[in-house]
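Trainee: I'd like to take a close look at one part of this model, the place where the small molecules are held. Please walk me through what surrounds them, and then zoom out to the chain.

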Amino acid sequence: MKLFGKKEAQAGQLDLTRLPRHIALIMDGNGRWAKKRGLPRTAGHAAGAETFRRVATYCKTIGIEYLTVYAFSTENWQRPADEVKAIMDILEKYLQEAIETMERDRVKMKFFGDISFLSQKLRTLIAETEKISSRFDGVQVNMCVNYGGRDEIVRAAREYAEEYKATGVPLTEDLFSRYLFSAGLPDPDLIIRPSGEMRISNFLLWQSAYSEFYFTDVLWPDFNARALDRALIAYQHRDRRFGGIKEREK
Ligand code: IPE
Ligand code: IPE
Ligand code: MG
């Protein structure tokens with residue numbers, strides 16, 4: 001992976017002092033990437049896992065605080081069983097390797113989604129990954145597996161209802177957000193979707209209220225530091241108003 005030094009980043013107008021705190025990524029396009037090469041879809045998923053490793057490292061290098069990635073949705077179970085199994089096997093292998101290299105990479109990992117549907121082996125690996133990396137600071141990667149934005153909101157509502165029965169505490173936006181997987185994190189500033197699709201596909205429905213969106217035709221396995229820089233430069237040209245007006249127009 002080519003890392004852009006400060007000078008090159010400036011040449012491309014990326015301002016390293018104004019980076020988003022939280023980037024979310026929909027890792028889409030693995031299947032099409034493989035098809036284009038006459039390979040099985042699973043080869044695309046394996047290539048996509050490597051891309052994730054490189055992009056997460058790049059985010060750490062440039063100083064991104066939070067990276068949330070969509071790896072497997074609540075709807076992805078509809079895919080053929082052999083594809084689902086291949087994705088789970090790749091995740092297992094990824095976590096095994098991540099655990100081995102964790103002390104060196106020091107990337108903090110968390111998981112968003114209902115992991116109770118995953119194999120016992122995967123759940124053990126997830127628990128171990130979270131435990132080891134809880135000591136690290138620097139970039140935090142949230143990996144969304146069996147994640148759905150609607151599912152997240154429904155389970156938050158259920159949990160709140162339980163608390164309400166016990167305490168009668170009134171619901172506020174702030175309180176509700178504490179029941180989400182993203183409790184305590186800032187909302188994503190930038191959501192990137194490669195592969196040319198322009199939809200949210202049930203990702204971070206609550207948290208994306210004021211996120212900036214960036215779409216690119218690049219397929220996820222081809223995504224790299226340069227593609228991320230392009231997204232970041234585009235982000236830095238956005239005018240985020242959050243429903244207000246520009247400072248100078250007041
Ligand atoms: C994203 O790539 C990976 C998952 C959804 C698990 P896809 O598998 O959706 O790739 P395309 O969209 O079919 O190209
Ligand atoms: C979204 O991609 C989910 C992940 C990347 C994990 P999909 O490929 O599942 O989304 P749709 O079906 O194109 O909306
Ligand atoms: Mg897809």
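Mentor: Start with Asn-76: in this predicted model, one of its polar side-chain atoms is 2.9 Å from an oxygen of ligand 2. Ser-201 also reaches that ligand, with a side-chain N or O atom 2.6 Å from a ligand oxygen. Arg-193 joins in as well, and here the gap between its side-chain N or O atom and an oxygen of ligand 2 is 3.3 Å. On its own, ligand 2 has 390 Å² of accessible area, and the protein covers 79% of that.

Now for the rest of the shell. Besides those three, ligand 2 is surrounded by Ile-26, Met-27, Asp-28, Tyr-70, Ala-71, Phe-72, Arg-79 and Arg-199. Sorted by character, the shell has five nonpolar residues, two polar ones and four charged ones. Which strand gives the most to it? That's E2, running over residues 66-73, with three residues in the shell. As for location, ligand 2 sits in the largest pocket.

Ligand 1 belongs in the same discussion, since the space it takes is the largest pocket too. Keep an eye on Asp-28 and Arg-79: both are in the shell of ligand 2, and both are also among the closest residues to ligand 1, along with Gly-31, Arg-32 and Arg-41. In total, 13 residues surround ligand 1.

Asp-28 has a side-chain N or O atom 2.8 Å from an oxygen of ligand 1. Arg-32 puts a side-chain N or O atom 2.7 Å from a ligand 1 oxygen, and for Arg-79 the distance to an oxygen of ligand 1 is again 2.7 Å. The protein covers 87% of the 380 Å² of accessible area that ligand 1 has by itself.

Where do the residues around ligand 1 come from? Helices H2 (30-36), H3 (41-62) and H4 (81-105) each supply at least two of them, and H2 has the largest share, with three. By character, the ligand 1 shell splits into three nonpolar, five polar and five charged residues.

Zooming out, the protein chain has eight helices and six strands. In sequence order they follow the pattern α-β-α-α-β-α-β-α-β-α-α-β-β-α. The radius of gyration is 19 Å, close to the 18 Å that the globule rule gives for 250 residues, so the chain is as compact as a globular protein of that length. If you're setting up a box, the C-alpha trace spans about 55 × 55 × 35 Å along its principal axes.

So, back to your close-up: Asp-28 and Arg-79 are the pair to click on, as they line up with ligand 2 in its shell and with ligand 1 among its closest residues.

How values were computed: Residues numbered from 1 in each chain as written. Chains lettered and ligands numbered in written order. Predicted model: local features only at pLDDT ≥ 70, side-chain atom pairs only at ≥ 80, totals over all residues. Heavy atoms only, no water. Near = heavy atom within 4 Å. Polar contact = N/O pair within 3.5 Å; in protein donor to acceptor, adjacent residues only side chain to side chain. Areas by Shrake-Rupley, 256 points an atom, 1.4 Å probe, with all protein chains shown as cover. 1 Å grid on protein atoms, 1.4 Å probe; cavity = no way out; pocket = protein on both sides within 12 Å on 5 of 7 lines; lining within 4 Å. Sits in = over half its atoms within 2 Å of the grid points. Helix = DSSP H or I, 4+ residues; strand = E, 2+ residues; numbered from the N terminus. Nonpolar A, V, L, I, M, F, W, Y, C, P; charged D, E, K, R; others polar. Rg over C-alpha atoms; globule rule 2.2 N^0.38 Å.
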